[in-house]
Number of protein chains: 2
Amino acid sequence: MTIYDIAREAKVGIGTVSRVFNNSPKVTSETREKVILVATRLNYQPHAFAQALARKRSNTLSAIIPFFTNYFFIQVLQGVQESLVPLGYDLIIHGANNQEQLEEYLSRSMRKGRTDGTLLFSLELPDKFVEEFTDKKIPLVLVDTFHPQFDSILVDNTIGTKTAIEHLISLGHRRIGMINANLKSAPARERLLSFKKTIVEHGLEVDDAIVINSTSTRNDGFSREAGYFAMRNLLERDIVRPTAFFISSDIQSIGAIGALKEKGFRIPDDVAIVSFDDIEIAKYFDLTTMHQPMYDMGELAVKKLLFRIENLSAPVSSFKFTPDLIIRGSCGKNKNYTFNDTNEMGVHEPTEQPR
Amino acid sequence: MTIYDIAREAKVGIGTVSRVFNNSPKVTSETREKVILVATRLNYQPHAFAQALARKRSNTLSAIIPFFTNYFFIQVLQGVQESLVPLGYDLIIHGANNQEQLEEYLSRSMRKGRTDGTLLFSLELPDKFVEEFTDKKIPLVLVDTFHPQFDSILVDNTIGTKTAIEHLISLGHRRIGMINANLKSAPARERLLSFKKTIVEHGLEVDDAIVINSTSTRNDGFSREAGYFAMRNLLERDIVRPTAFFISSDIQSIGAIGALKEKGFRIPDDVAIVSFDDIEIAKYFDLTTMHQPMYDMGELAVKKLLFRIENLSAPVSSFKFTPDLIIRGSCGKNKNYTFNDTNEMGVHEPTEQPR
DNA sequence: CTGAAAGCGCTAACAT
DNA sequence: ATGTTAGCGCTTTCAG
């Protein structure tokens with residue numbers, strides 16, 4: 001089934017068939033009807049790649065994420081995918097488990113014609129690619145990572161951290177520890193800086209004995225294990241235990257809570273915890289945390305990327321989302337949280353996502 | 001940059017250039033070198049769609065999943081994606097939130113040339129598509145869903161359920177309840193049947209007052225909310241409380257545990273729970289559950305699909321994985337599970353996935 | 001408004 | 001072994 005077949009059947013030229021399918025106005029509604037009729041009868045479907053080749057446009061976007069099984073990315077991707085569908089775009093997803101794979105995927109994305117643009121998540125764009133992407137003017141938008149020469153979407157870690165710490169302080173905590181991810185991650189650095197700054201601003205003291213930066217390279221320390229070991233390590237130190245912790249991600253909190261429970265500590269009674277992300281399972285653990293609007297980030301990423309595709313030379317722009325404090329039970333507030341809470345219910349399934 | 005450019009520069013014909021890039025043996029290593037040299041100098045990349053058009057092969061597969069934010073699918077997809085990459089294939093992912101979207105995606109997948117084959121997850125293939133897919137011989141493999149005319153990959157719900165129940169019985173439980181998903185889902189039906197059968201086989205009695213099938217349509221009742229409400233409903237009944245529950249998915253267990261805790265019950269002391277899936281967060285909740293080998297399912301799905309692509313007329317085949325019982329703390333065994341347990345550690349990150 | 005024809009970049013069959 | 005040519009299926013001039 002090609003346009004030739006349907007052209008022959010409808011007794012028109014292939015150009016006309018093409019015009020009909022491209023909604024060209026210069027076609028009599030009469031011939032249009034005729035063509036449509038034949039096309040549906042023959043169950044015609046345009047060949048995607050032939051179209052792409054002729055149009056020089058693939059209607060396909062690609063997304064490169066660090067880890068497949070990371071809720072943060074999945075939730076952002078949901079926003080991406082759902083806003084892409086109505087536009088007729090398809091999404092290719094690449095999970096880059098290491099630097100080598102990242103480069104492989106980046107190369108594929110640059111491969112002419114493969115995709116119209118790409119989304120890079122939380123990964124630093126290797127130097128050798130920045131030149132290539134800019135030179136070839138390949139549309140690229142960065143999500144949760146930054147480079148001055150490309151569009152990006154970020155979360156304000158400074159404000160987010162400040163809000164989290166001030167929540168703890170407002171609850172009466174004076175000795176606050178931090179469990180951080182690996183400092184080679186930019187968000188980890190920003191969160192640490194803001195943590196210290198906020199503590200000092202409130203006349204409290206930063207005690208480095210209760211601040212732990214992960215040395216794990218796996219997922220840059222944003223992992224359950226990293227959280228577990230950091231907390232266990234800290235609890236074994238011969239120091240005055242903090243009454244509260246700021247932990248740089250929900251997933252680390254879950255590990256840290258494991259370590260706390262092992263030692264017999266109760267949350268929030270013995271120690272309060274506030275973390276960052278608000279991934280879906282945060283509510284199952286009743287975690288007070290800084291919410292990142294992942295779905296919205298995905299939507300905006302798509303918007304930016306599509307804009308870039310249309311406007312190759314527009315000035316680069318960057319947008320920062322401000323995270324919101326979500327109060328659940330891990331800081332001793334709102335202890336009577338239940339699964340009934342309609343605010344909490346259903347936030348995690350597509351049909352009821354905040355849009 | 002096209003083969004013409006590099007052909008001109010290298011002073012050869014375009015055919016030769018093409019041959020070099022397709023590793024044709026009929027080319028002198030001399031000319032090959034020359035071509036490669038020019039190509040790398042000009043930073044040439046073959047145009048994916050032109051290739052696809054000429055080869056009649058896209059090197060792209062698509063996967064249709066019911067919900068984006070469902071760990072089961074994500075984990076299977078990880079297996080899919082990782083086994084695809086080395087083969088040079090790309091993966092397009094479609095999240096179908098409803099019947100309409102499902103049909104839209106199926107149509108896209110059938111669109112000639114778009115993909116070489118598709119993977120359909122846990123969704124019933126609508127009748128009108130079975131004919132089309134078979135007629136047009138479009139490669140399709142079903143994962144966690146079944147149709148006699150297509151290849152499929154399944155999990156043995158009957159054996160899985162039997163194993164789970166017998167574990168409970170071996171622990172001394174005699175009054176066992178079940179919280180099930182919506183019976184319009186095939187796995188839910190199979191699990192219910194096997195539950196009753198196993199109970200009876202062991203000389204126990206099936207009490208319908210402690211068996212609840214979800215009426216939720218959202219995700220067919222495989223959701224936290226469905227689990228929560230089912231359990232709450234059951235606990236409010238004026239009956240003898242079961243000492244143990246078989247719950248048809250981990251995600252429902254998490255909801256059910258919420259309901260149990262609200263009523264002041266402790267797990268596993270007051271009630272034991274065994275469920276199904278072993279999604280990543282099951283271990284965070286210390287859930288004893290039937291493990292589905294999701295990563296392996298993804299790998300096998302790819303293998304089957306690629307085979308089908310090469311052998312359009314091979315007989316249809318179906319493979320059933322047998323789930324394994326993973327004993328954690330929710331049945332009162334192995335209570336001293338810690339985050340240290342190396343068996344448990346790292347199972348959830350790509351680099352250390354069981355292969 | 002419509003048909004014919006020239007690509008889009010590549011592969012593969014056909015010559016040489 | 002290598003160059004040439006005819007498609008792959010569609011879009012888009014260019015005539016008419």
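Helices and strands here are DSSP runs, numbered from the N terminus. Everything below comes from a predicted model.

**View 1. The protein surface around DNA strand C.** DNA strand C has 29 residues around it, and the closest are A:Thr16, A:Arg19, A:Thr28, B:Ile3 and B:Tyr44. Sugar and phosphate make up 63% of the strand C atoms that come within 4 Å of the protein. Both chains chip in: helix H2 (14–21) and helix H4 (48–55) of chain A, plus helix H1 (3–10), helix H2 (14–21) and helix H4 (48–55) of chain B, each give at least two residues to this surface. Sorted by class, the surface near DNA strand C has 12 nonpolar, 10 polar and seven charged residues.

**View 2. Zooming in on polar contacts to DNA strand C.** Start with the backbone of the DNA: a polar side-chain atom of A:Thr31 sits 3.0 Å from a phosphate oxygen of strand C. Over on chain B, a polar backbone atom of B:His47 is 3.1 Å from a phosphate oxygen of DNA strand C. B:Arg19 goes for a base instead, with an N or O atom of its side chain 3.2 Å from a base nitrogen of DNA strand C.

**View 3. The protein surface around DNA strand D.** Now for the other strand: 30 residues surround DNA strand D, and A:Tyr44, B:Gly13, B:Thr16, B:Arg19 and B:Thr28 are the closest. Of the strand D atoms within 4 Å of the protein, 62% are sugar or phosphate, and bases supply the rest. Helix H1 (3–10), H2 and H4 of chain A and H2 and H4 of chain B each bring at least two residues to the surface near DNA strand D. That surface breaks down into 12 nonpolar, 11 polar and seven charged residues.

**View 4. Phosphate contacts on DNA strand D.** Chain A offers a side chain and a stretch of backbone here. A polar side-chain atom of A:Ser18 lies 2.7 Å from a phosphate oxygen of DNA strand D, and a backbone N or O atom of A:His47 is 3.1 Å from a phosphate oxygen of DNA strand D. From chain B, an N or O atom in the side chain of B:Thr16 comes in at 2.6 Å from a phosphate oxygen of DNA strand D.

**View 5. Helix H5 against helix H12 in chain A.** The axes of H5 (residues 71–84) and H12 (residues 294–310) of chain A come within 7 Å and cross at roughly 45°, so H5(A) and H12(A) are oblique to each other. The crossing is right-handed. Among the residues making the contact are A:Phe72, A:Val76 and A:Leu84 of H5(A), which meet a set from H12(A) including A:Met294, A:Tyr295 and A:Val302. The contact residues of H5(A) and H12(A) come out as eight nonpolar, five polar and two charged.

**View 6. Helix H10 against helix H11 in chain A.** H10 (residues 224–236) and H11(A) have axes that come within 6 Å and cross at roughly 40°, so this pair is oblique too. The crossing of H10(A) and H11(A) is right-handed. Look for A:Tyr228, A:Met231 and A:Leu235 among the H10(A) residues in the contact, and for A:Ile251, A:Ile254 and A:Leu260 among those of H11(A). By class, the contact holds eight nonpolar, four polar and three charged residues.

**View 7. Helix H8 against helix H9 in chain B.** H8 (residues 157–170) and H9 (residues 186–201) of chain B pack at about 45°, their axes 8 Å apart, so H8(B) is oblique to H9(B). Their crossing is right-handed. B:Lys162, B:Ile165 and B:Glu166 are among the H8(B) residues in the contact, with B:Glu190, B:Arg191 and B:Phe195 among those from H9(B). The class split is four nonpolar, five polar and five charged.

**View 8. Cis prolines and a positive phi.** In chain A, the peptide bond from A:Ile267 to A:Pro268 is cis, with omega near 5°. A:Pro268 sits in the loop between helix H11 (250–262) and strand S9 (272–277) of chain A. Chain B has a cis bond from B:Ile267 to B:Pro268, also with omega near 5°, and B:Pro268 falls in the loop between helix H11 (250–262) and strand S9 (272–277) of chain B. Elsewhere in chain B, B:Asn59 has a phi near 55°, a positive value for a residue other than glycine. Find B:Asn59 in the loop between H4 and strand S1 (60–65) of chain B.

How values were computed
Residues numbered from 1 in each chain as written. Chains lettered and ligands numbered in written order. Predicted model: local features only at pLDDT ≥ 70, side-chain atom pairs only at ≥ 80, totals over all residues. Heavy atoms only, no water. Near = heavy atom within 4 Å. Polar contact = N/O pair within 3.5 Å; in protein donor to acceptor, adjacent residues only side chain to side chain. Helix = DSSP H or I, 4+ residues; strand = E, 2+ residues; numbered from the N terminus. Nonpolar A, V, L, I, M, F, W, Y, C, P; charged D, E, K, R; others polar. Axes fitted to C-alpha atoms, helices over the stretch in contact; angles between N-to-C directions. Parallel < 35°, antiparallel > 145°, perpendicular 65-115°, else oblique. Left-handed = near helix turned anticlockwise from the far one by under 90°. Contact = heavy atoms within 4.5 Å.
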